[in-house]
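I opened the notebook to record what I looked up in this model. The entries follow the order in which I checked things.

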Amino acid sequence: FAVLGVALAQLLAHQIRDRALSNTVESAELLSGTIANSQLRPSDLDGGGMAPARARALDMALAQARQQGRIARFKIWSRSGQIVYSDDHDAIGKKFEIGEDLGEALEGETHSGIETGEAEEQEGERHLGALLEAYVPLRFETGAKPVGAFEIYVPYAPVQAAATRDVRYVYALVAAGLTLLFLLLYRIVARASRSLRRQAEENRRQALHDPLT
């Protein structure tokens with residue numbers, strides 16, 4: 001029963017993390033579609049850089065989401081591995097080797113995971129702690145080859161807190177169940193023990209009364 005409770009708690013925590021990662025990917029896809037259609041131009045990803053006016057428009061569009069804690073960092077990557085836009089303006093224009101996660105997005109796949117700022121391109125995010133990360137392809141036309149990728153980071157602390165809270169709840173239920181089971185078994189065993197003692201005492205008296213038995 002205890003082992004089952006621990007397994008269920010760990011499964012619950014895993015499901016919470018998976019659901020949070022899935023939600024992060026959905027948020028990234030929603031943002032990518034909105035921004036690609038309204039804020040970006042194909043020329044922004046050809047190495048010449050984004051127009052300052054569109055960069056400021058993106059800053060304002062992301063400011064509210066960032067203040068509400070829904071987004072910790074946002075980046076737009078070109079196919080060459082260059083950061084075309086980031087709400088951390090110090091990162092704009094920097095170029096990095098294309099890793100597996102970014103490569104998947106550039107090939108049309110999505111990628112998600114939990115990051116702690118160990119990668120070289122995550123230098124600007126290291127002070128933000130653990131983050132949920134998602135890469136999604138950037139397309140200007142549905143079904144077209146990706147011209148770049150969106151990267152979104154979401155705070156992981158609320159997800160971790162929710163998982164911890166739910167795991168503790170499961171542990172509390174298991175402890176309560178074990179306590180109830182112990183009390184029920186204790187009464188059964190105690191009753192059986194008294195019956196056995198009475199039977200033993202009766203057998204002893206019969207043996208003393210009739211030694212030939």
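Is E121 buried or exposed? I looked this up first, bearing in mind that the model is predicted. E121 has 13% relative accessibility, so I note it as buried.

**Entry: partners of E121**

I then looked for what E121 pairs with. E121 forms a salt bridge with K75, and their closest N and O atoms are 2.8 Å apart. I placed K75 in strand 1 and E121 in the loop between strand 3 and strand 4, with the two positions 46 residues apart, so I note distant parts of the chain as linked here. K75 comes out at a relative accessible area of 0%, and I write it down as buried.

**Entry: R73 and its two bridges**

Next I checked R73. It meets D87 in a salt bridge of 2.9 Å, N to O. D87 sits in the loop between strand 2 (83-86) and helix 3, and R73 is in strand 1 (residues 73-78), so the pair ties together parts 14 residues apart in sequence. I found a second salt bridge from R73, to E125, also listed at 2.9 Å, N to O. E125 belongs to the loop between strand 3 (111-115) and strand 4, and it is 52 residues from R73 along the chain.

I looked up burial for each of these. R73 is buried at a relative accessible area of 8%. D87 is buried at 14%, and E125 is buried at 2%.

I counted four salt bridges in the structure. R73, K75, D87, E121 and E125 are linked in a network of salt bridges.

**Entry: pockets**

I turned to the pockets. The largest pocket has a volume of about 220 Å³. I find 12 residues in its lining, with L31, L62, A65, R70 and I71 nearest the centre. Helix 1 (2-38) and helix 2 (52-67) are the elements that give two or more residues to this lining. Helix 1 supplies the largest share, six residues. Sorted by class, I get seven nonpolar, four polar and one charged residues.

The second largest pocket holds about 170 Å³ of space. Of its 13 lining residues, I note E97, G99, D101, A119 and E121 as closest to the centre. E121 thus returns here, after its salt bridge with K75. Helix 3 (100-106) and strand 4 (131-138) are the elements that give two or more residues to this lining. By class, I list five nonpolar, two polar and six charged residues.

**Entry: nonpolar surface patch**

Which residues make the nonpolar surface patch of about 820 Å²? I list F1, L4, L8, L11, L178, L181, L185, I188 and V189. Helix 1 and helix 4 (157-209) each supply at least two of the patch residues, and helix 4 gives the largest share, five residues. I checked L11 on its own: it lies in helix 1 and is partly exposed, with a relative accessible area of 43%.

**Entry: two long spans**

Last, I took two C-alpha distances. D18, in helix 1, is 181 residues from Q199 along the chain, and their C-alpha atoms are separated by 59 Å. D18 is partly exposed at 37% relative accessibility. R198, in helix 4, is 96 residues from L102 in sequence and 76 Å from it in space, C-alpha to C-alpha. I note R198 as exposed, at a relative accessible area of 53%.

Note on methods
Residues numbered from 1 in each chain as written. Predicted model: local features only at pLDDT ≥ 70, side-chain atom pairs only at ≥ 80, totals over all residues. Heavy atoms only, no water. 1 Å grid on protein atoms, 1.4 Å probe; cavity = no way out; pocket = protein on both sides within 12 Å on 5 of 7 lines; lining within 4 Å. Points joined across faces, edges and corners; volume = space filled by probe spheres on them. Helix = DSSP H or I, 4+ residues; strand = E, 2+ residues; numbered from the N terminus. Nonpolar A, V, L, I, M, F, W, Y, C, P; charged D, E, K, R; others polar. Patch = residues over 30% accessible without salt bridge, like charges linked within 9 Å, V, L, I, M, F, W, Y side chains within 5 Å. Areas by Shrake-Rupley, 256 points an atom, 1.4 Å probe, with all protein chains shown as cover. Salt bridge = Lys/Arg side-chain N within 4 Å of Asp/Glu carboxyl O. Buried < 20%, exposed > 50% of the residue type's maximum accessible area, 1.4 Å probe, protein only.
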